[in-house]
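I opened a new page for this one and started looking things up. These are my notes, in the order I took them.

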Amino acid sequence: MDSGGHKQVSAMGDRGTSNHSEVTDFILVGFRVRPELHILLFLLFLLVYAMVLLGNVGMVVIITTDPRLNTPMYFFLGNLSFVDLFYSSVIAPKALINFWSESKSISFAGCVTQLFLFALFIVTEGFLLAAMAYDRFIAICNPLLYSVQMSTRLCSQLVAGCYFCGCITAVVLTSMTFTLPFCASRAINHFYCDYRPVQRISCSDLYIHKTVSSFLCSVTILPTIIVIVVSYMYIVSTVLKIRSTEGREKAFSTCSSHLGVVSVLYGSVIFMYVIPDKFPELSKVASICYTLVTPMLNPLIYSLRNKDVKEALRKILGKKIFLLIFLTLI
């Protein structure tokens, strides 16, 4: 975008409003980079988002169509893919449009919706990862009791609880953020409506809002991290007792892959929401990690390395190829 476009965004963003009820839209500033880099960023976002769609839609289709994958682990994986698909779709399409938009605007209602849905799905994902870690703990440490302890009812309750926690957090965070008076600027220094950048443009005292936001982050991040870490400590302890070298290597490979994805997600989330907000541009980079990179990696790490999933995918592709050949011959 040329300098004129930046001036327009700045001018629109600096137009004051006296009360939040008068605000009809916001300006998403996006990335402050040279105009020639906008094309590169657009292509990067487009490529990663396409991989997110392909991987997660593919996982949902495979898990729901193959009866052999009707197990607790794949039930959680299917929900994880669903969550990844939706919360990346809340962010990426608007970000892609804004790379070419002169105004970079988003309506007040659109901003509220974006923050609510993003908070709902990102918090749900954290609790889902904790539930999946617990599932693996039972499967590896208590395999004889696995089918009894991880019943269909318990799995459904765990997933429902994940969505409930996400919904409560989203309601509190969204209502708290958008009841603020916005009388300083409409320019949000981010590429989507997140609560910290939105609160930053308010002209009111944010002490109570920041305290409540920090409390929400603590009660959603810390318990899930504790469950994941403790579960994998027990898993590693059990795996070390396996006499088979091949079995140990396979288990460690799976655990390290899972922990790698969890580390990327939680590392970027902690940098964004727990550490004091002093580096807005670095926060945008961290946001990319959990809005696009993690949803792209999850199908690869959790599922496509799995023998059962690859077999199911091969079976689906084989049917489609056979059908295509049959139709061609007809």
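Before counting anything, I noted what counts as an element: helices are DSSP runs of at least four residues (H or I) and strands are runs of at least two (E), numbered from the N terminus. I also reminded myself that this is a predicted model.

**Entry 1: the overall layout**

I tallied the secondary structure and got 11 helices and 3 strands for the protein chain. Reading from the N terminus, I wrote the order down as α-β-α-α-β-α-α-α-β-α-α-α-α-α. The chain has 330 residues, and 46% of them count as buried. I looked up the surface too: about 16700 Å² is accessible, and 70% of that belongs to carbon and sulfur atoms. Then I checked how far along the chain the contacts reach. Among contacts with a separation of 6 or more, 79% are between residues 24 or more positions apart.

**Entry 2: the core**

Which residues touch the most other members of the largest nonpolar core? I found Phe26, Phe45, Phe118, Leu129, Phe182, Tyr273 and Tyr290, out of 88 residues in that core. Helix α4 gives the most to this core, with 19 residues. As background, I jotted down that in soluble globular proteins nonpolar side chains tend to be buried together.

I picked Leu129 for a closer look. Leaving out residues up to four places away in sequence, Leu129 touches Leu80, Ile228, Val262, Leu265, Tyr266 and Tyr302.

**Entry 3: aromatic pairs**

I went through the rings next and counted 22 aromatic pairs. I started with Phe26 and Phe108, whose ring centres are 5.8 Å apart. Their planes meet at 25°, and planes under 30 degrees apart count as stacked, so I filed this pair as stacked. The two residues sit in distant parts of the chain: Phe26 is in strand β1 (residues 25-28) and Phe108 is in helix α4 (residues 108-141), 82 residues apart. Both Phe26 and Phe108 are buried.

My second pair was Phe31 with Phe45, at 5.9 Å centre to centre and 70° between the planes, which is edge-to-face. Phe31 is in the loop between β1 and α2 (35-65) while Phe45 is in helix α2, so the pair ties together parts that are 14 residues apart in sequence. Are Phe31 and Phe45 buried or exposed? Phe31 has 12% relative accessibility and counts as buried. Phe45 counts as buried as well, at 2%.

Then I asked which residues form one aromatic cluster with Phe31 and Phe45. I listed Phe42, Tyr87, Phe99, Trp100, Phe118, Phe191, Tyr192 and Tyr290 alongside them.

**Entry 4: Trp100 and a surface patch**

Trp100 was on that cluster list, and I wanted to know where it sits. Trp100 is in the loop between α3 (72-98) and β2 (105-107). Its relative accessible area is 55%, and the cut-off for exposed is over 50%, so Trp100 counts as exposed. I also found Trp100 in a nonpolar patch on the surface, together with Ile39, Leu43 and Leu46. Together the four have about 420 Å² of accessible area.

**Entry 5: salt bridges**

How many salt bridges does a search of the whole structure find? I got 3.

The side chains of Asp25 and Arg186 meet in one of them, at 2.3 Å from N to O. This pair links distant parts of the chain, with Asp25 in strand β1 and Arg186 in the loop between α6 (152-178) and β3 (187-188), 161 residues apart. Arg186 counts as buried, at 5% relative accessibility.

I then looked at Asp66 and Arg68, whose closest N and O atoms are 3.0 Å apart. Asp66 is buried, with a relative accessible area of 5%, whereas Arg68 is partly exposed at 47%.

Asp135 and Arg136 also form a salt bridge, with their closest N and O atoms 3.0 Å apart. I noted that Asp135 and Arg136 are both buried.

**Entry 6: Asn79**

Last, I looked up Asn79, which lies in helix α3. Asn79 has 13% relative accessibility, and under 20% means buried, so I put it down as buried. Not counting residues up to four places away in sequence, Asn79 touches Leu128, Val159 and Tyr163. I also checked Asn79 against Asn56: they are 23 residues apart in sequence and 9.9 Å apart in space, C-alpha to C-alpha.

Terms used
Residues numbered from 1 in each chain as written. Predicted model: local features only at pLDDT ≥ 70, side-chain atom pairs only at ≥ 80, totals over all residues. Heavy atoms only, no water. Patch = residues over 30% accessible without salt bridge, like charges linked within 9 Å, V, L, I, M, F, W, Y side chains within 5 Å. Areas by Shrake-Rupley, 256 points an atom, 1.4 Å probe, with all protein chains shown as cover. Buried < 20%, exposed > 50% of the residue type's maximum accessible area, 1.4 Å probe, protein only. Phe/Tyr/Trp six-rings, centres within 6.5 Å; stacked < 30°, edge-to-face > 60°. Core = buried A, V, L, I, M, F, W, Y, C linked by side-chain atoms within 4.5 Å. Contact = heavy atoms within 4.5 Å.
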